[in-house]
Amino acid sequence: MLRNIFIFQKKYLITAILVLSFIGIHDNSYASVYFQDEQQEMNYNSYSGEILDSDSKKPLVFATLSLEGTNISTVTNTEGTFSLKIPKSTVQGNISISFLGYKTKLVSLTELRPENNEILLDIASIELSEVNLTVPKSAEGLVRETLAKKGENYFNEPTIMTAFYRETIKKRRKNVSLSEAVVTIYKAPYNTPKRDAIQLYKARKSTDYSKLDTVALKLEGGPFNTLYVDIMKYPEYIFTDEDISKYSFSFDQSTRVNDRLIFVVNFEQHNYIDEPLYKGKLYIDSENKILTSAIYSLNITDPDKASKLFVRKKPANAKVWPTDVAYRVDYREKDGRWYYGYSNVLLEFKINWDDRFFNSVYSMTAEMAVTDWEVNTEKANLKAREKMKSRIILSDEASGFSDPDFWGEYNIIEPEKSIESAIKKIQRQLKRSRSRGDLSSAF
């Protein structure tokens, strides 16, 4: 079997890809797609709907919904829709909905319907006089101060987090593969160099190999790809003491989030720096110097240099290069302390084959959202055999989509309609194939 491996160098936040030739090989994992979990008692209430801009009615992507006074939360998907599960024991309370640049809104649980909730958010206005009076003189100095204060602004106790993780692969605009997991993150304090550990709890997958031509793509690293986007915990992947001087920083128009004034800092590498670095925006709380969000991408103006970050081995008749590598991380606050809440990674790349007229265009997306957490008061640690390997291929660990109640009471990111359609199509293919007694012909 031909193996072509695309992987990251240690200092770069680059998604690793495993590309396998599969001509003449069929995946029979669906032949035994059964989960052993028994049906869980419905001890939660489920709410779904969409978050929209109050004026334009456009969907707000990655808006955060949290149950006040608890650690339960979720985020909207790329279509602005959400699904939130609340324990039945909680009959009173407010859902806090926040989005960058918008006024935070509180909605009572008693106002929510099980389905088709439409929640509108208003844009937060900024007083110019307020901004002019408070903007620091140096954008770089603000970033350095923010990084230096992580020990006092972010969790300084070990925590155990429940998180939902999803990775998708598309060929052009068609969904090819979807893998999902519920994981437990043993999050180390931000003021220590100790790294986080992950334990896999549940996982499932759906793959349509008929759309993959002659390659099957597998994402290496799984949830670690998103976990390491946590800049405040892992600044070494982007802002090391050595690398921070390679960037130029400048102020953009300020905004608001959760009714806080937020400085927006643009950053990009200096023109004289040859190595591919990053450019993007940092959203920093003006009062306490806290990074609340970051959106950035890898500089890939030089395809050959960018490719060297990915390609370790490749077939002789193919050229591979990235066309877009982008990241996002959002933080949440509880009792004056901030913590990692959500992140996503997007990687788009092309494969040019010498013997084909058209190239192949693929995109891979990974996202993870913390849906609940608690302080690790017992200082519990995972045993070596329980820890997820940093080079895990989640699709190899997952089984398939078969049990509609697989996730039980766990909050997940609502899937896009296109992903739902792809899953249903594959399931119909499998059902027809099984009825014919010929599973291997499904792909």
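Here is a walk through this predicted model, going from the whole chain down to a few strands and aromatic rings.

Let's start with the big picture. The protein has 443 residues, and 55% of them are buried. Its secondary structure adds up to 7 helices and 21 strands. If you look at contacts with a separation of 6 or more, 68% of them join residues 24 or more positions apart. As for the outside, the accessible surface is about 20900 Å², with carbon and sulfur atoms holding 48% of that.

Now zoom in on strand β9, which covers residues 117-121. Which of its side chains are buried, and which are not? Asn 117, Ile 119 and Leu 121 point to one face and are buried, while Glu 118 and Leu 120 point to the other face and are not. That fits the general rule: in a regular strand, side chains alternate between the two faces of the sheet. Strand β9 also has a partner, since strand β3 (residues 44-53) pairs with β9 in the parallel sense, over 5 bridges. If you want a spot to look for on screen, Asp 53 stands opposite Leu 121 of β9.

Another strand to visit is β7, residues 94-98, where you'll find Ser 98. Is Ser 98 buried or exposed? Its relative accessible area is 12%, so Ser 98 falls under the 20% cut-off and counts as buried. Leaving out residues up to four places away in sequence, Ser 98 touches Ala 63, Thr 64, Thr 104 and Asn 258.

On to the rings. How many aromatic pairs does the structure hold? There are 25. One of them is Phe 99 with Tyr 102: the ring centres are 5.4 Å apart and the planes sit at 65°, so this pair is edge-to-face. Both Phe 99 and Tyr 102 are buried. Compare that with Tyr 247 and Phe 249, whose centres are 6.2 Å apart and whose planes are at 55°, so that pair is tilted. Here too, both Tyr 247 and Phe 249 are buried.

Tyr 247 and Phe 249 also belong to a wider group. Ring pairs link them with Phe 239, Phe 267, Tyr 278, Tyr 296 and Tyr 327 into a cluster. It's worth selecting those residues together in your viewer.

One last stop involves a charge and a ring. Lys 319 lies over the face of Trp 321, at 5.6 Å from the ring centre.

How values were computed:
Residues numbered from 1 in each chain as written. Predicted model: local features only at pLDDT ≥ 70, side-chain atom pairs only at ≥ 80, totals over all residues. Heavy atoms only, no water. Phe/Tyr/Trp six-rings, centres within 6.5 Å; stacked < 30°, edge-to-face > 60°. Buried < 20%, exposed > 50% of the residue type's maximum accessible area, 1.4 Å probe, protein only. Lys NZ or Arg CZ within 6 Å of the ring centre and 35° of its normal. Helix = DSSP H or I, 4+ residues; strand = E, 2+ residues; numbered from the N terminus. Contact = heavy atoms within 4.5 Å. Areas by Shrake-Rupley, 256 points an atom, 1.4 Å probe, with all protein chains shown as cover. Pairing = 2+ DSSP bridges.
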